[in-house]
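Biologist: Could you take me through this model and show me how its labels are earned? I would like each term set against its definition.

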Amino acid sequence: MTSRLRRHCSNPFLANRPWQPAIAQWIEHPAAVPLAILALTVFYLVTLVKGQNWSGDFSLYILHAQSLVEGRHYLDTGYLLNPVSKFVGPYGYPPVFPFLLAPVYAFFGLDLEALKWVGILSFGLSLWLAAKIFEIRLGRRFVFFLVLVVGLNPYIWGFTNLIRADFTFMVFCYLSLFLMLLFLAGDQGKLQTPGRQITAGLLIGLSMYLAYGAREIGIVLPLTLLTYDIVCRRRISLLSIVALGIFALFAWLQSLWFSASFIPEYFEENLKHLTDQQSSPAKLNHLSFVDLDPRNILDRIIGYRWALQGFWPPSSSAFINTLNGLLFNLFSLLAIGGYILALLRRITVVEIFLAGYIAVLLLFGAPPTMRYLIPIFPFFLYYGFLFCQEMIFPLLPRLKYLLAGGYALLLAIISVPVMTTMEYPQLERGVTHPDAQAMFRFIREETAPEDTIVFIKPRIMALMTGRNSATWPSRRYSTPELMNHFFDAVRADYYVDMNLAAWMLPLTDSERPSNCFRSVFKNDYFVVYRYGKRFCPELE
């Protein structure tokens, strides 16, 4: 008994805390958080689901990577941006994520599952960087629990099946914040010499650009750095001047690179003649979505509140759903309290970044979705845990084990059934569906390389077939005469019809846009029409 007690007291993780549960003492080990992140990353890799939905974003990222691998210009993708149609997507996406996809594409080709690895590895690395940021103020046990809550969230777990730049953005965004916290805190000591400030500025500037080069909302980062200098330090330091200069240089080079266009001149010129008072031109980039209407901003505030609650997945049990709703509302109050507490004690770049990111979301006119909240969801948890650590648990120290155990049980009750029974109809009826593959194969084998295909998902068509593709025009151009004018204007050769509702559904009815179209391929989900004046002699 005495020897066991001596061993117990000699253990640095157990000494002086005999009442603590052993698991809590293990969680405080420096290796606990990295091991948890590694386990989550492996779990994500082995639970990948095959397929890709019809969203289209993934296809343009891969098209850019394909262009890089094959030695073409980055924007030479075959996607023809249609200015007289509903917005499909910008002509080009920022280059950082496609640069990371390029080596995978070069080695594996168009292997959608292999290309998902980039996002999963990025997610694991972003979790580690988030932990490093949070450990500055938050105890290691809280960071460990936060990592598990984020990593075992069913929505984020499902999101890793999509080939998107969000997790890559998180890596470089968190890296920028970490470097800012590291170097700005040491500016009075380690960074006194100009050389060290310049080196730190180079690192921060490059990481800020890489975040911006993954997603344009990364513009918040240089604004964060500038705001911190002005508000907190009352001066703009050499470090910030260098960092902002490097960011501006790379952002300018990117814009210069994106000034090229591979859309034929006749395409836009001819489409101008179709524009009338009833048309709704496509928005050509994300800046077109900025909306300053106060009523719409209020609607987005409400929308994002409900989107945030979506990270607490619903249960089949009404009681669990009620408990979950109460927990979300309570935790929201804790998070607000933690944010205010952080502001009162010492403002850091993290608080400024979070405020800026939310402000951009509220000014961005796109519908509020959970996807846009993924990068700040860990911060929501961070501030809630920070309030508990600083204000509640010092008064009731053992309450943290009760709350942690209770929430872990609730998380298991809700998340495990969702993650084990989750269905993926959008992936199963996506681009890898047998009928979709048959349609793509027909286009590749039975059409000429120079043909242009009109399809509701032009970026996917360009990726899967190697043909130039444009989306169909606005419904206001759906009369037979206007459809003929549209196909003549863009010199299109084929039109592919499909029933895309929430996801691909059987095509029970499909009519020719005009007499100048002839069906050349058909299955349960797609019809391919050939366009030509020779099919309607009355117009010759």
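Modeller: Gladly, and let's start with handedness: a crossing is right-handed if the near helix is turned clockwise from the far one by less than a right angle, and left-handed if anticlockwise. In this predicted model, the crossing of helices H7 and H17 is right-handed. Their axes come within 10 Å and cross at roughly 145 degrees.

Biologist: What makes the contact of H7 with H17 nonpolar, polar or charged by class?

Modeller: From H7 come Phe142, Phe145, Leu146, Val149 and Val150, and from H17 come Phe377, Pro378, Leu381, Tyr382, Phe385 and Gln389. Phe, Leu, Val, Pro and Tyr count as nonpolar, whereas Gln falls among the polar residues. The tally is therefore ten nonpolar, one polar and no charged.

Biologist: Why are H9 and H11 called roughly parallel?

Modeller: The axes of H9 (residues 166–185) and H11 (residues 220–233) cross at roughly 25 degrees. Angles under 35 degrees count as roughly parallel, so H9 and H11 earn that name. H9 passes H11 in a right-handed crossing.

Biologist: Which residues of H9 and H11 meet there?

Modeller: Cys173, Ser176, Leu177, Met180 and Leu184 in H9 meet Leu221, Leu225, Tyr228 and Arg233 in H11. This contact divides into seven nonpolar, one polar and one charged residue.

Biologist: What is the make-up of the contact of H9 with H16?

Modeller: The axes of H9 and H16 (residues 349–363) come within 10 Å and cross at roughly 145 degrees. Phe169, Cys173, Leu177, Met180, Leu181 and Leu184 of H9 touch Val349, Val350, Phe353 and Tyr357 of H16. By class, that gives ten nonpolar, no polar and no charged residues.

Biologist: How do you know that Arg164 forms a salt bridge with Asp57?

Modeller: The closest N and O atoms of Arg164 and Asp57 are 3.8 Å apart. The cut-off is 4 Å, so the pair qualifies. Arg164 lies in the loop between H8 and H9 and Asp57 in H4, so the pair ties together parts that are 107 residues apart in sequence. The structure holds twelve salt bridges.

Biologist: Where should I be careful, and why?

Modeller: The chain averages a pLDDT of 85, and 86% of the residues score at least 70. Over residues 1–19, though, pLDDT stays under 50, and the model has 13 contacts there beyond four places in sequence. Residues 276–284 are also below 50, with 22 contacts beyond near neighbours in sequence. Where pLDDT is low, the predicted coordinates should not be read in detail.

How values were computed: Residues are numbered from 1 along each chain as its sequence is written. This is a predicted model: local features need pLDDT of at least 70, side-chain atom pairs count only at pLDDT 80 or more; totals for chains, interfaces and linings use all residues. Side-chain values use heavy atoms; hydrogens and water are left out. Axes are lines fitted to C-alpha atoms, for helices over the stretch in contact, and angles run from 0 to 180 degrees between N-to-C directions. Helices (H or I, at least four residues) and strands (E, at least two) are DSSP runs, numbered from the N terminus. Angles under 35 degrees count as roughly parallel, over 145 as roughly antiparallel, 65 to 115 as roughly perpendicular and the rest as oblique. Contact means heavy atoms within 4.5 Å. pLDDT is the predictor's confidence in each residue, from 0 to 100. A salt bridge is a side-chain nitrogen of Lys or Arg within 4 Å of a carboxyl oxygen of Asp or Glu.
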